[in-house]
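Here are my notes on this one, in the order I jotted them down. Keep the viewer open while you read.

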Amino acid sequence: MLAIEAITFNHNTGAATHDALNIRRNATQTVHIPEWRRVISVNPEDSPAAYATGATHGNPITILVSLSSTDPAIAFIEVRVEHHVRTRAVNFVNGITGAIAFELIDPPAAHGQVGARDVTWHWEYRLGPHHAWHRFDTTRHRFYTVLAVPTAPWHQAPLNTQLPWTDVLDYACRWADGAASADMAAALITQVIYALGPSIVTYDCPGGGSSHYSFSDFDCTHFLERLHGGVGNGIYLNCSDCATIVASFANAVGCDLWQSRMGYGFDLNELLGIGSNVWQTACGWSSFSYHEVAWEAGCTVHDDVYDACLRVDGDGDPTAGPRIALLPQDLRFGNPGDLLYRDRLATPAGRPNCNPQPATRQRRFVV
């Protein structure tokens, strides 16, 4: 008798303050609008929507819903989803309503935390304020919550491949689940990426530390394939790959990181490279010609780094044992003698050559 025909979550592609973000599935697949369509949308992932907590904070969030009725006696009713979609009256003309606005009661981004959750909405109607509610339809959706409108390489200009990918959000929102700040979200993502070693990725010692996912663009498609259990571009990666993965996934949930280098030619303290449980200079090499990390702001000595490529010694003397493994996350780069990131990575003799190179600061295009 009654049915939901379509639901649009992203109904204003020019703003993200009262509705969902512009998103796509991956490099080749788009998210169709309306996101939910009768018969076509069956599982939650068939109807994705992403919301930014910063942009939507304090604002009413609306969706556009189209309904149909096969009963000519029903012309005016009230519709809701209890606890989720606010009650409003709808009017049928020739059995259809057209797209009408409903306000969400508890918007996905209202709690201010990163996350991804599948929801099931049970739609109800009643003939008037003094009548009982009756369930008439069920829709399922996947909601992503990010802290802010995603930063580059992600964009919000419609119809481009750099819209945030749901294939990335499926991982990034889960990895950073519960984070209420950009620093925490980036730290959680850094932790998970480092923990992908050694079974999924490991440092490319056999190839001399070559890039496999970040030269010259970020081959996110093949990295996702690797995460899914496929071959991707193989198990090996290097510091540029790690920096690019951290920054790109973190920026998808509203962080603001860059990929930037330090150098050039500096001796190393012993460390734990990604995928290794042996304290040694990287691959047994005495030095790095350069090193690249995910970096905040201007990528200077005063800014924090997130390095998923390695763990350093976190005790009072990083040049000697015993060692306490420390993953650099939200750790200031620092000057020689500060006992911060630079001192923990490079030997005393190497620290003068281990300098930030902000001219290399970039955000690689995602393919």
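1. Start with a cation over a ring: Arg363 lies over the face of Trp258, with 3.7 Å to the ring centre. A second case is Arg88, which sits over the face of Phe102 at 5.8 Å from the ring centre. The criterion here is NZ of Lys or CZ of Arg within 6 Å of the ring centre and within 35 degrees of the ring normal.

2. Some ground rules. This is a predicted model, where local features need pLDDT of at least 70 and side-chain atom pairs count only at pLDDT 80 or more, while totals for chains, interfaces and linings use all residues. Residues are numbered from 1 along each chain as its sequence is written, and side-chain values use heavy atoms, with hydrogens and water left out.

3. The overall picture: the protein chain has six helices and 19 strands. Those are DSSP runs numbered from the N terminus, with helices being H or I of at least four residues and strands E of at least two. The C-alpha trace spans about 85 × 35 × 35 Å along its principal axes. Of the 367 residues, 52% count as buried; buried means under 20% relative accessible area, exposed over 50%, and partly exposed in between, with a 1.4 Å probe and protein chains only. Among contacts with a separation of 6 or more, 70% come from residues 24 or more positions apart, a contact being heavy atoms within 4.5 Å.

4. Back to Phe102, this time for its ring partner. The structure holds 17 aromatic pairs, counted for rings of Phe, Tyr and Trp (its six-membered ring) with centres within 6.5 Å; planes under 30 degrees apart are stacked, over 60 edge-to-face and the rest tilted. Phe102 and Trp123 have ring centres 6.0 Å apart and planes at 85°, so this pair is edge-to-face. Phe102 is in strand 7 (residues 96–103) and Trp123 in strand 8 (residues 115–126), 21 residues apart. Both Phe102 and Trp123 are buried, and they belong to one aromatic cluster together with Phe9, Tyr51, Trp121 and Phe143.

5. For contrast in geometry, look at Trp175 and Phe249: ring centres 5.3 Å apart and planes at 20°, so the pair is stacked. This one links helix 2 (residues 166–175), which holds Trp175, to helix 5 (residues 239–252), which holds Phe249, with their positions 74 residues apart. Trp175 and Phe249 are buried too.

6. Which strands make up the open sheet, and in what order? Five of them, in the order 18-15-14-12-19, with antiparallel pairing; pairing takes at least two DSSP bridges between two strands. Strand 18 (329–332) and strand 19 (355–362) are the edges, each with a single partner, so one side of each has no neighbour in the sheet. On average, neighbouring strands are turned by 45° against each other, direction ignored. Axes here are lines fitted to C-alpha atoms, for helices over the stretch in contact, and angles run from 0 to 180 degrees between N-to-C directions.

7. Zooming in on one edge, strand 15 (residues 304–306) pairs with strand 18 in the antiparallel sense over three bridges, and Asp304 has Arg332 in strand 18 as its bridge partner. Helix 3 (residues 182–194) packs on the sheet, touching strand 12 (257–267), strand 14, strand 15 and strand 18, and its direction makes about 35° with that of strand 15.

8. Now the cysteines. How many disulfides does a search of the whole structure find? One, using a cut-off of cysteine sulfur atoms within 2.5 Å. It joins Cys205 to Cys283 at an S to S distance of 1.9 Å, and the S-S torsion is about -80°, so the disulfide is left-handed. Cys205 is in the loop between strand 10 (202–203) and helix 4 (220–227), Cys283 in the loop between strand 13 (272–273) and strand 14 (287–296), 78 residues apart. Cys205 is partly exposed, at 34% relative accessibility.

9. Two cysteines to check by eye. Cys309 is in no disulfide, and its nearest cysteine sulfur, that of Cys242, is 4.3 Å away; Cys309 is buried at 1% relative accessibility. For Cys354, the closest cysteine sulfur is in Cys239 at 11 Å, too far for a bond, and Cys354 is buried with a relative accessible area of 0%.
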